[in-house]
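Here are a few exercises to work through with the model open in your viewer. Try each one before you read the solution below it.

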Amino acid sequence: MPTPEELARQNIDALLKQCGWTIQKRSEINLSAGRGVAITEGLLKGGDEADYLLFVDGKAIGTVEAKPEGFTLTGVEEQSGKYGKGLLDIYPKWREPLPFAYESTGVETQFTSQLDPISKSRNVFAFHRAETLLEYLEPDHQLNNRLANIAAGDQMATSNLWSAQIEAIRNLEKSLAANKRRALIQMATGSGKTYTAVNFVYRLIKLAGARRVLFLVDRGNLGDQTLIANCEC
């Protein structure tokens, strides 16, 4: 029967493969076997090992730290960050320290990008594909950098907004610019929450290059209101 650590590795292997990564032991490294290659138990300086070293197009780009299911991942990113600075000189790399790090139990996975203005781990549903990590290396694809400047992006048109709506949008922009991913806008009934949200979505697309926005509502009529408000903006 596999140990919790072995079971986590099996689950992580499966998750990586689902996202296009080729899994290899360090004794059989072949970085040309695929665009994304994950080397298990990769050697680092000082005799350390990374549970997985991630390579894209033959160059190291990140690490994965594996933990057993139920392990609290918060705080583990410090260990992953250390691994990103200890890559052996024999490995080609995209940059040093390595820009990306994951911590995973095979059930829960968190991701940290050292390219963010304020590096902070966040939960993700899956590992990124190799080509996606390459896109993240491009300055124009770093959403957090764009969010950091969104408030100064342009003068907001206020002719169709109430003062409470303007305040809500500005404060939300300040929160995102400070890398505070979770923000709550609380407004009274009838104060135009939907119209406020749609206006902010427009600014995310226009100024921050957002590609996808999820609107989650608990009633169909709220979805209809959102669609109507979107057409009016």
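**Exercise 1.** Which residue in β3 does L43 stand opposite?

Solution. Keep in mind that this is a predicted model. Start with the strand pair: β2 and β3 run antiparallel and share seven bridges. Now look across from L43, and you land on E49 of β3.

**Exercise 2.** In what order do the strands of the open sheet come, and which ones stand at the edges?

Solution. Walk across the sheet: its seven strands go β1-β2-β3-β4-β5-β6-β7, and the pairing is mixed. β1 (22–25) and β7 (122–124) each have a single partner strand, so one side of each has no neighbour in the sheet. From one strand to the next, the twist averages 30°. As a reminder, strands in a sheet pair through backbone hydrogen bonds, in either a parallel or an antiparallel way.

**Exercise 3.** Go hunting for backbone oddities: where do E41 and D57, with their positive phi, lie?

Solution. First, the background: most residues that aren't glycine have a negative phi, and most peptide bonds are trans. E41 isn't a glycine, yet its phi is positive at about 50°. You'll find E41 in strand β2 (residues 36–43). Its relative accessibility is 36%, so E41 counts as partly exposed, given that this class runs between 20% and 50%.

D57 also has a positive phi of about 50° without being a glycine. D57 sits in the loop between β3 (49–56) and β4 (59–66), and at 42% relative accessibility it is partly exposed.

Last, check omega: the peptide bond joining E96 and P97 is cis, with omega about 0°. P97 belongs to the loop between α2 (77–84) and β5 (100–104).

**Exercise 4.** What span should α6 have at 1.5 Å a residue, and how far apart are its end C-alpha atoms?

Solution. α6 covers residues 193–208, which is 16 residues. The expected span uses one less than that number of residues, which gives 22 Å; the end C-alpha atoms are 21 Å apart, so the two agree. Next, pick out the buried residues of α6: among them are Y195, V198, F200, V201 and L204. Right after the helix comes G209, with a positive phi near 65°.

**Exercise 5.** Which residues form a nonpolar patch with I205 on the surface?

Solution. The partners are V213, F215 and V217, and together with I205 they have about 320 Å² of accessible area. V217 is placed in the loop between α6 and α7 (220–232). With a relative accessible area of 36%, V217 is partly exposed.

Conventions. Residues numbered from 1 in each chain as written. Predicted model: local features only at pLDDT ≥ 70, side-chain atom pairs only at ≥ 80, totals over all residues. Heavy atoms only, no water. Helix = DSSP H or I, 4+ residues; strand = E, 2+ residues; numbered from the N terminus. Buried < 20%, exposed > 50% of the residue type's maximum accessible area, 1.4 Å probe, protein only. Patch = residues over 30% accessible without salt bridge, like charges linked within 9 Å, V, L, I, M, F, W, Y side chains within 5 Å. Areas by Shrake-Rupley, 256 points an atom, 1.4 Å probe, with all protein chains shown as cover. Salt bridge = Lys/Arg side-chain N within 4 Å of Asp/Glu carboxyl O. Pairing = 2+ DSSP bridges. Axes fitted to C-alpha atoms, helices over the stretch in contact; angles between N-to-C directions.
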